[in-house]
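Colleague: Could you take me through one part of this model up close? I'd like to hear about the aromatic rings.

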Amino acid sequence: MYFGKNSNLKVIGVSAFSGCNFKSITIPKSTTTISKEAFNGCFKLSEIIFDDNSRLTSIGDNAFKGCTNLTEIYYDGTINDWLKLDLVEGSNYLTTPAADCEKLYIKDENGEYYDLKAVTELEISDDAMTV
């Protein structure tokens with residue numbers, strides 16, 4: 001599923017595509033919110049791509065629950081951007097949508113994608129206030 005190149009979509013609503021048969025989804029950079037259960041039960045979904053310069057700020061509860069074939073997520077932001085996402089109270093950086101996903105690709109300081117789930121060593125900045 002693809003949105004237009006100049007999409008102004010801000011919110012993907014509650015259960016908007018629940019049960020869809022899409023294999024891949026590209027989320028437009030204009031999207032700020034993916035609401036709860038937006039893609040719940042999309043069993044064929046294997047890939048999520050967030051457009052370059054994504055403005056995403058929150059992913060709702062169970063937004064990708066039941067997406068059992070999800071193997072790759074491409075997020076055009078840094079680890080810090082990913083960690084700033086409002087995921088769900090009590091969740092961690094790999095939940096919703098990445099909990100069951102095999103690979104979570106995040107961009108490094110050079111703009112290259114790396115698989116966050118394969119990281120074996122991480123240096124926390126001296127400026128970090130909360131982890």
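Is F39 buried or exposed?

Modeller: Sure, and keep in mind that this is a predicted model. F39 is buried, because its relative accessible area is 0%. Its partner is another matter: F17 counts as partly exposed because its relative accessibility is 24%, and buried would need a value under 20%. F17 and F39 form a stacked aromatic pair, with 5.4 Å from centre to centre and 10° between the planes. That pair ties together distant parts of the chain, as F17 sits in the loop between β1 and β2 (24-27), while F39 sits in the loop between β3 (33-34) and β4 (47-50), 22 residues apart.

Those two rings have company, too: ring pairs join F17, F22, F39 and F64 into a cluster. The structure holds 4 aromatic pairs, and another one worth a look is F50 with Y75. F50 and Y75 meet edge-to-face, 5.6 Å centre to centre with 80° between the planes. Here again distant parts of the chain are linked, this time from strand to strand: F50 belongs to β4 and Y75 to β6 (residues 72-75), 25 residues apart. F50 counts as buried because its relative accessible area is 1%, and Y75 is buried as well, because its value is 3%.

For a change of scene, look at the surface, where K5, K10, K29 and R55 gather in a patch of positive charge. K10, one of them, lies in the segment before β1 (11-12) and counts as partly exposed because its relative accessibility is 46%.

Terms used: Residues numbered from 1 in each chain as written. Predicted model: local features only at pLDDT ≥ 70, side-chain atom pairs only at ≥ 80, totals over all residues. Heavy atoms only, no water. Patch = residues over 30% accessible without salt bridge, like charges linked within 9 Å, V, L, I, M, F, W, Y side chains within 5 Å. Areas by Shrake-Rupley, 256 points an atom, 1.4 Å probe, with all protein chains shown as cover. Salt bridge = Lys/Arg side-chain N within 4 Å of Asp/Glu carboxyl O. Lys, Arg positive; Asp, Glu negative; His and termini not counted. Charge placed at Lys NZ, Arg CZ, Asp CG, Glu CD. Helix = DSSP H or I, 4+ residues; strand = E, 2+ residues; numbered from the N terminus. Buried < 20%, exposed > 50% of the residue type's maximum accessible area, 1.4 Å probe, protein only. Phe/Tyr/Trp six-rings, centres within 6.5 Å; stacked < 30°, edge-to-face > 60°.
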